[in-house]
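Grab a pencil and work through these exercises with the model open beside you. Try each task yourself before you read its solution.

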Amino acid sequence: MSTLVGMGIGHLVAALLNPDSSPVLAVGSQVIDLTPVSMKEWAIRTFETENGNLDKVVLVGSVFVGVLVLAAVAGVLARTRLLWGAALLIVMVAAAAGAAMNRPSADALDLVPSLITALTGVLTLVLLDRLSRGASLSVALSPAPTKKRLVLTEDSRDGVSPDTSATATPTEEDATVTSSASATRRTVLVAGAVLTAIAAAAGGAGRWIGTLRARPEDIALPDPSPGGALGPLQAGLEERFSDITPLRVSNADFYRVDTRLDTPVVDSEGWTLTVDGDVENELTITFDELLAMPMVERDITLTCVSNSVGGKYVGGARWLGVPLKDVLDMAGVGSKADQILSTDFDGMTISTPLDLATDGREALIAVGMNGEALPREHGFPVRLVIPGLYGFISATKWLTKITLTTYAEQESYWTKRNWDTVAPIKPSARIDTPRALTTLDPGEVLVGGVAWAQNNDGVTKVQVQIDGDGWVDAELGPDVNDVYWRQWYYQWTDAKPGSHKIAARVVDGEGEVQTAARAEPFPGGSSGIHTFLVTVAG
């Protein structure tokens, strides 16, 4: 109970100061950093759902359960000796404080939630210990135990030793002490209920404050510069076939994969972008200055390297931003750099090969997504968007710094964890409908989905295979551009009762057929043909 109260109050204080310093979130983030890559990929695959990924929810829940187990141990120790239980609570909070201070951008203020958690937890433990030993609530809340007074009889005043076998007449204070010694289990239960309510209220208030702080800012995005605007997107196949993923994914439905356990709140007013390293002119650009620069719109499909074959961590959107090349030209890139090391507001780093970012692909320092300012969960106020490269080397969210450097001089977060430094997105086709292992009606069945080939001149064909027979060309949806995905569909007209295997593959603009060789996401992206079984009812 004392741990819950401490965690609730600590989370509330962190919400007011810096959400990242919350003891639970700090420990969870540290666990993410220390978790082996194979286990991370397993968690992402295992806890993927139709409405998003639950791996972070499971992680926070696991940390919470672990804390409760240790708290129970502290409670048992406190029954034997209060000091031992309090010491374990302090050790637990010290670990959380260390995790909070291990963040690259941590400062002394980030210790406050942990200190408050420790103080609240220990005081609550002392209170519960006194109540459980029979003290009344008023005595339990007092700073020190009340001492009993000896009442002198007339004999003792006359120099005669009092009869210690006799019961002294109690004063009001003695009566209070006597009464407190007979505190009931009900008193402890009531106190526990009150403390539980306090913990829940504090934790709920912390979440409410976090939600309040995460509200979107009222940002008026500039219009694209002349020649930088795009016309309306063509109608997608989803208007005919609702089970196919929309041509443009809404901001609310766009996938999110990152190392954050919360939604970062970065204020646009105080935001700046620094460009330094191997440059001729170091730059510091404010948000207003960035908005005043020439803007362009671009339709770009992003893909996460953790996306498994047939996975959902891919999405197409219209982005508004300043061409990365324009900012690099302002800075004047030196002759030594081979890496763009981008840093987010909290010190997270991502590396992008300089030659790939500047090879003619339209990389953006983005401020808008689908006609709106970037949502906070997708990088507000500013993020990188570089087409054709997996997000872990190209899509830094909450961007604050771009450093021109070399791979020999500096390693990014993912480079240190042995992910590839060059990771172009691999061509792939995904089947959205029908779903794997579903039961279908016989006759005509719609097979459809999306496909992408951002580094290979786009998608020219999608082919479908039923039960290992020959590959048949599917019908394609709108051709937006080479770095945008395409929808497709195939009418399977003679689905007969029984079990059937469906597969789909893409043929890119260079005439290359998507590889059937299976590869896991680590270290450079998954590959293989999306294949699964369905049953046609008899």
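A salt bridge here is a side-chain nitrogen of Lys or Arg within 4 Å of a carboxyl oxygen of Asp or Glu. Keep in mind that you're looking at a predicted model.

**Exercise 1. Check the pair D258 and R256: how far apart are their closest N and O atoms, and is D258 buried or exposed?**

Step 1: start with the distance. The closest N and O atoms of D258 and R256 are 2.7 Å apart. The cut-off is within 4 Å, and this pair does form a salt bridge.

Step 2: look at the surroundings of each partner. D258 has a relative accessibility of 17%. Buried means under 20%, so D258 counts as buried. R256, at 26%, is partly exposed.

Step 3: step back for the general idea. Side chains of opposite charge can pair when their charged atoms come close.

**Exercise 2. Now take D262 and D473: which residue does each one pair with in a salt bridge?**

Step 1: D262 goes with R260, and the closest N and O atoms sit 3.5 Å apart. Both D262 and R260 are buried.

Step 2: D473 meets K461, with 4.0 Å from N to O. Find the two on the chain: D473 belongs to strand β17 (residues 472-473), while K461 belongs to strand β16 (residues 459-466). The pair therefore ties together parts that are twelve residues apart in sequence.

Step 3: check how open this pair is. D473 is partly exposed, with a relative accessible area of 41%. K461 is partly exposed too, with 39%.

Step 4: go back to R256 and D258 for a moment. Salt bridges with shared partners link R256, D258 and K397 into one network. Overall, the structure holds twelve salt bridges.

**Exercise 3. Follow strand β3: which strands does it pair with, and in which sense?**

Step 1: β3 (residues 272-277) pairs with β4 (residues 283-286) in the antiparallel sense, over four bridges. Five residues make the hairpin that joins β3 to β4. To see the pairing, find L273 and look across to I285 in β4.

Step 2: β3 also pairs with β12 (residues 399-405), this time in the parallel sense, again over four bridges. Here T274 stands opposite K401 in β12.

Step 3: what holds pairs like these together? Strands of a sheet pair through backbone hydrogen bonds, either parallel or antiparallel.

**Exercise 4. Trace the open sheet that contains β16: what is the order of its five strands, and which strands are at the edges?**

Step 1: write out the order, which is β14-β21-β20-β16-β17, with mixed pairing.

Step 2: pick out the ends. β14 (439-440) and β17 are the edge strands, as each pairs on one side only.

Step 3: zoom in on one pairing. β16 and β20 (residues 498-508) run antiparallel and are joined by seven bridges. Within that pair, I466 stands opposite I502 in β20.

**Exercise 5. Look inside: how many residues does the largest nonpolar core have, and which have the most contacts inside it?**

Step 1: the largest core has 71 residues. Those with the most contacts inside it are V275, L290, W319, L324, I365, I402 and L404.

Step 2: there's a second, separate core of 22 residues, which includes A429, A453, V459 and Y490.

Step 3: put the cores in context. Of the protein's 538 residues, 48% are buried. As for the outside, the protein exposes about 25,800 Å², and carbon and sulfur atoms supply 57% of that area.

Step 4: connect this to the general rule. In soluble globular proteins, nonpolar side chains tend to be buried together.

**Exercise 6. Judge the prediction: what is the average pLDDT, and where is the pLDDT below 50?**

Step 1: the average pLDDT is 86, and 87% of the residues score at least 70.

Step 2: one stretch below 50 is residues 164-168, which have zero contacts in the model beyond near neighbours in sequence. Another is residues 175-183, with ten such contacts.

**Exercise 7. Finish with V58: which helix is it in, and how far is its C-alpha atom from that of A43?**

Step 1: V58 is found in helix α4 (residues 55-80).

Step 2: V58 and A43 are 15 residues apart along the chain, and their C-alpha atoms are separated by 8.9 Å.

Step 3: V58 has a relative accessible area of 31%, so it's partly exposed.

Note on methods
Residues are numbered from 1 along each chain as its sequence is written. This is a predicted model: local features need pLDDT of at least 70, side-chain atom pairs count only at pLDDT 80 or more; totals for chains, interfaces and linings use all residues. Side-chain values use heavy atoms; hydrogens and water are left out. Buried means under 20% relative accessible area, exposed over 50%, partly exposed in between (1.4 Å probe, protein chains only). pLDDT is the predictor's confidence in each residue, from 0 to 100. Contact means heavy atoms within 4.5 Å. Two strands pair if DSSP finds at least two bridges between them. Accessible areas come from the Shrake-Rupley method with a 1.4 Å probe; for residues, only the protein chains shown count as cover. A nonpolar core is a set of buried Ala, Val, Leu, Ile, Met, Phe, Trp, Tyr and Cys residues joined through side-chain atoms within 4.5 Å.
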